[in-house]
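Student: I have a protein model open in front of me and would like to understand the words people use to describe it. Could we go through them slowly, setting each value against its cut-off?

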Amino acid sequence: MATKQGWASFAAQTTPEPPRLLPGEDWKRLDPLERELYDEARQDYHSALLLVATPDIRTIIHTGTKLVINNRGKQLGRRGLLVSGASGTGKSTSITQLGKKFQIDLQRRSPGITDRIPVVYIVVPPDAGPKALATEMAGFLGLPVGHHDSPQSVAHSVVEVMRRVGTGMVLVDEIHRLDLTTRKGKDASDQLKYFFDTISATFVYAGLDLEESSLFSGVRGRQILGRFIPVTTGPFTHRSAEDQRDWAKLVAAMEQTLRLHRHKPGTLIEQAPYLHARTGGMIGSLDQLIYEAANDAISDGTEKITKTHLDAVLLDGAAMAQFEPPRGRRRGR
């Protein structure tokens, strides 16, 4: 998505249309090739990102939308959005959905304008300096950057183009990679501040556990805190009855999307405590667990998710590290 063509394709995507489940008799009559294509279509659907509007996603979209309204027409006094959280809690998903909503709303209000680039999305590269950041912006816009071009000349070209194409939102992902304890990191932060000051857009930063990074250190860090509204994403908890209901609703929403012939609705809701224990309440881990198990159920012909399917899915290291299986069972490697 870090190019204008890739972002435009993402913004134009609609919710995947679920493949139709064939009636039982028609399903049984499929020949081997027809069954293979039918199964692949369902597995591809499960593997696509099926967005569930979690409370964090709703908060970020709501807060970001209000900031866009408040920032209209302002050069001074604009505010940005700062999204921080652990890995797998939906930071990138949230900010890209915010950007997508902004672009769709803008195109709906002003249709037919083809030379506009409403949203710019970049990922901060490791050990980024000012030229690297400006080059990422230029790369999104399709601007050539020469080896001998100075950071200032690249930045000026980026600003000129963004103004001309009406950029109204700038998404900066992996912002935790900026190290404000180094000269290069400080210069990169100043470069972002230059973009913030000279482009009349709403800026959104997202990064991993920003409170533990150096992003807020020194005078530059205080400037960021003074200009950005912080929102923190986190895993679902499972302590109170309300927490458990929210988690069960999330599981139910995912279960409703399954395209399996023999899966009984409500089966996964009954497994909600186990699913929370396996994933630590991380939305990304839950997505992987349920949909990988569903695809395995298609591959082996059972057509329903069982505890065996769920147990067999290998999750990310963070989810596996926090999971404590019941006594008497050894954790699989």
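Tutor: What follows is a conversation about a predicted model, going from the whole chain to single residues.

Student: What makes up the protein, and how much of it counts as buried?

Tutor: The protein has 15 helices and five strands, and its C-alpha trace spans about 65 × 50 × 40 Å along the principal axes. Of its 333 residues, 44% count as buried, where buried stands for a relative accessible area under 20%. Among contacts with a separation of 6 or more, 72% are between residues 24 or more positions apart.

Student: How do you know that the length of helix α7 agrees with what is expected?

Tutor: Helix α7 covers residues 151-165, which is 15 residues, and at 1.5 Å a residue these should span 21 Å; because the end C-alpha atoms are 21 Å apart, the two values agree. Helix α4, residues 55-71, can be treated in this way too, since its 17 residues reach 24 Å from the first C-alpha to the last, close to the 24 Å expected.

Student: Which residues of α7 are buried, and what covers them?

Tutor: The buried residues of α7 are Val-154, Ala-155, Val-158, Val-159, Val-161, Met-162 and Val-165, and their cover includes β2, α6, β3 and α8. After α7 comes Gly-166, with a positive phi near 70 degrees.

Student: Which residues of α4 are buried?

Tutor: In α4 the buried residues include Ile-57, Ile-60, Ile-61, Leu-67 and Val-68, and what covers the buried residues of this helix includes the strands β1, β3, β4 and β5 as well as helix α5. Just after α4, Gly-73 takes a positive phi of about 80 degrees.

Student: What makes β3 a mostly covered strand?

Tutor: Five of the five residues of β3 are buried. Met-169, Leu-171 and Asp-173 point one way from the strand, while Val-170 and Val-172 point the other way, and all are buried. In a regular strand, side chains alternate between the two faces of the sheet.

Student: How do you know that β3 pairs with β2 and with β4?

Tutor: The cut-off for pairing is at least two bridges between the strands. Five bridges join β2 to β3, which run parallel, and β3 and β4 pair in the parallel sense over four bridges, so both counts satisfy the cut-off of at least two. Val-172 takes part on both sides, as the bridge partner of Ile-122 and as the residue opposite Tyr-205 in β4. From β3 the chain crosses through helix α8, residues 183-198, to β4, and this β-α-β crossover is right-handed.

Student: Why is the pair of Phe-196 and Phe-203 called tilted?

Tutor: A search of the whole structure finds eight aromatic pairs. In the pair formed by Phe-196 and Phe-203, the rings are 5.3 Å apart, centre to centre, with 45 degrees between the planes. The centres therefore lie within the 6.5 Å needed for a pair, and because the angle is neither under 30 degrees nor over 60, the pair counts as tilted. Together with Tyr-205 and Phe-228, these two residues form one aromatic cluster.

Student: Why are Phe-196 and Phe-203 called buried?

Tutor: Phe-196 has a relative accessibility of 5% and Phe-203 has a relative accessible area of 0%, and because buried means under 20%, both residues count as buried.

Student: What makes the charge of Arg-78 one that sits over the ring of Phe-196?

Tutor: The charged end of Arg-78 sits over that ring, 4.7 Å from its centre, and the distance part of the test asks for a value within 6 Å. The charged end of Lys-100 likewise sits over the ring of Phe-10, at 5.2 Å from its centre.

Student: Why is Asp-127 called exposed, whereas Glu-303 is called buried?

Tutor: Asp-127, in the loop between β2 and α6, has a relative accessibility of 57%, and because exposed means over 50%, Asp-127 counts as exposed. Glu-303, in the loop between α13 and α14, has a relative accessible area of 2%, so Glu-303 falls under the 20% limit and is buried.

Student: What is noted about the phi of Asp-127 and of Glu-303?

Tutor: Phi of Asp-127 is near 55 degrees, a positive value in a residue other than glycine, and Glu-303 has a positive phi of about 65 degrees although it is not a glycine. Most residues other than glycine have a negative phi.

Definitions and conventions
Residues numbered from 1 in each chain as written. Heavy atoms only, no water. Phe/Tyr/Trp six-rings, centres within 6.5 Å; stacked < 30°, edge-to-face > 60°. Buried < 20%, exposed > 50% of the residue type's maximum accessible area, 1.4 Å probe, protein only. Lys NZ or Arg CZ within 6 Å of the ring centre and 35° of its normal. Helix = DSSP H or I, 4+ residues; strand = E, 2+ residues; numbered from the N terminus. Expected span 1.5 Å × (residues − 1). Contact = heavy atoms within 4.5 Å. Right-handed = clockwise from strand over helix to strand, strands pointing away.
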